[in-house]
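This report covers ring contacts, one sheet and the overall dimensions of a predicted model. The sequence and structure come first.

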Amino acid sequence: MTDVRTMGFTDVRATNLAVVLRHLRTNGPSSRAAIAASTGLNKATVSSLTSDLIDQRLLRETGASGNRIGRPGTALTLDGSAFAAIGLQVAADRITALAVDFAGDQLLLWHRAFTSPPEAAGPGRAISAIIALAQRAATRVRQQGRSVLGLTIAVPGLVDDRGMVRLSPALGWSDVDLRGPVAGSLRQPDLVVTVSHQAILAALAERQRAALAEDNLVVVTGAAGIEAGIVVDGRPLHGARGFTGQIGRLTLGPAGSPTLHDLAGIEPLARRALPGFDPESLTDLGPSVEQISVLARSGDAGVLAALRDTGRHLGQGLAILANLADPSVIVLGDHYATLAEWLIPPAEAELAGHTPAPGGVRVVASELGLHAAALGGALSHLDRVDHGRSIPVTA
């Protein structure tokens, strides 16, 4: 029987186990000799560590490593068969569930539409739907013979470190305990359940899954206002209470001036670009964003002007972020990514004019789609293991 127990990495050996796991997640299949050479651990220590990790079903042997000089070693890789992690992403119109195995391979991706918007129905019905999807995802993973390492829920707005959603205008929530009901419903006391800000989790996913490999980056999302996930020196920036990244509230001008969201938000863009756009009639901005994209490709002058204006104002907000956090790259996520080819040129022009640091800041489009935060939520539990904050073991 397999279960998951949390054990702190408090000694050198446990720390070294995490070093081996991080090496393999970063570099892919490697021989014991290659691990020793890269990490600085001696070969005997690596052999002992990897033996333990194989016994715990965290690593497996894959055959000859392909070394061309000397006796070929046996390659080791992460074993995805025993454990999995789940991420849920809550939006105004749907919940997304995504699970990955310990090797990081996707096991499931489900979307469930809300029967009525959370803002109208209240948090109780939405939480019931979240619980139902969490239970279903956990059951599916366990049916595959895997133990659940943890589950993280991504939410737009202000989320404190206890899993309390302090304020989410997109969901119409204020002071809602989300972590408690979900954790209690899963009936596994040692299962790590967390709730976090969606932009922070999207940033974690970009850093681990996109071809960025940057320790200093910012992800900007626009599906629920304008929010930023900031990674500094490889660590997500949470702040004193977890309330970082609310850049849509920035005012670009004197008191009483429009906010960054007013000038560069997705919904205001749709109002300017699409005559007759009625935000009250829909909760999903996706179709409107696609329509803007189609019109822009056809050369619609009004739509192109609206995109340039939005990109220019967005760039002004990004310049503030760049001057504060000094990222190597800024990633435009969700709906911004769909429109990135028209938004990036004016945004980069504003950045160049307002950031004095030499070298500039790259602005790129995310390739992770609308569920990047769900992916980041799942990956956060693999990250806990890789950095020694918890370890799954078999009984």
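Searching the whole structure for aromatic pairs gives 0. A pair here needs rings of Phe, Tyr or Trp (its six-membered ring) with centres within 6.5 Å; planes under 30 degrees apart would be stacked, over 60 edge-to-face, and the rest tilted. The model is predicted, so local features need pLDDT of at least 70 and side-chain atom pairs count only at pLDDT 80 or more, while totals for chains, interfaces and linings use all residues. Residues are numbered from 1 along each chain as its sequence is written, and side-chain values use heavy atoms, with hydrogens and water left out.

Charges over rings do occur. The criterion is NZ of Lys or CZ of Arg within 6 Å of the ring centre and within 35 degrees of the ring normal. R25 has its charged end over the ring of F102, 4.8 Å from the centre. The face of W110 is covered by R136, at 3.9 Å from the ring centre.

The protein has 14 helices and 16 strands. These are DSSP runs numbered from the N terminus: helices are H or I with at least four residues, strands E with at least two. Its radius of gyration, taken over C-alpha atoms, is 22 Å, close to the 21 Å from the globule rule for 395 residues, so the protein is as compact as a globular protein of that length. The rule is 2.2 Å times the number of residues to the power 0.38.

One open sheet has 3 strands in the order β8-β9-β10, with antiparallel pairing; pairing requires at least two DSSP bridges between two strands. β8 (158–159) and β10 (173–177) are the edge strands, each pairing on one side only. The middle of that order is β9, which covers residues 164–168. L167 has S174 as its bridge partner in β10, and L158 stands opposite L167 in β9. Both connections are hairpins, tabulated below.

| Strands | Bridges | Residues between | Turn residue, phi |
|---|---|---|---|
| β8 and β9 | 2 bridges | 4 residues | G163, about 85 degrees |
| β9 and β10 | 4 bridges | 4 residues | G172, about 75 degrees |

The C-alpha trace spans about 65 × 50 × 40 Å along its principal axes. Of the 395 residues, 51% are buried (under 20% relative accessible area, 1.4 Å probe, protein chains only). Among contacts (heavy atoms within 4.5 Å) with a separation of 6 or more, 64% join residues 24 or more positions apart. The accessible surface is about 17400 Å², 50% of it belonging to carbon and sulfur atoms, by the Shrake-Rupley method with a 1.4 Å probe.

Note on methods. Buried means under 20% relative accessible area, exposed over 50%, partly exposed in between (1.4 Å probe, protein chains only).
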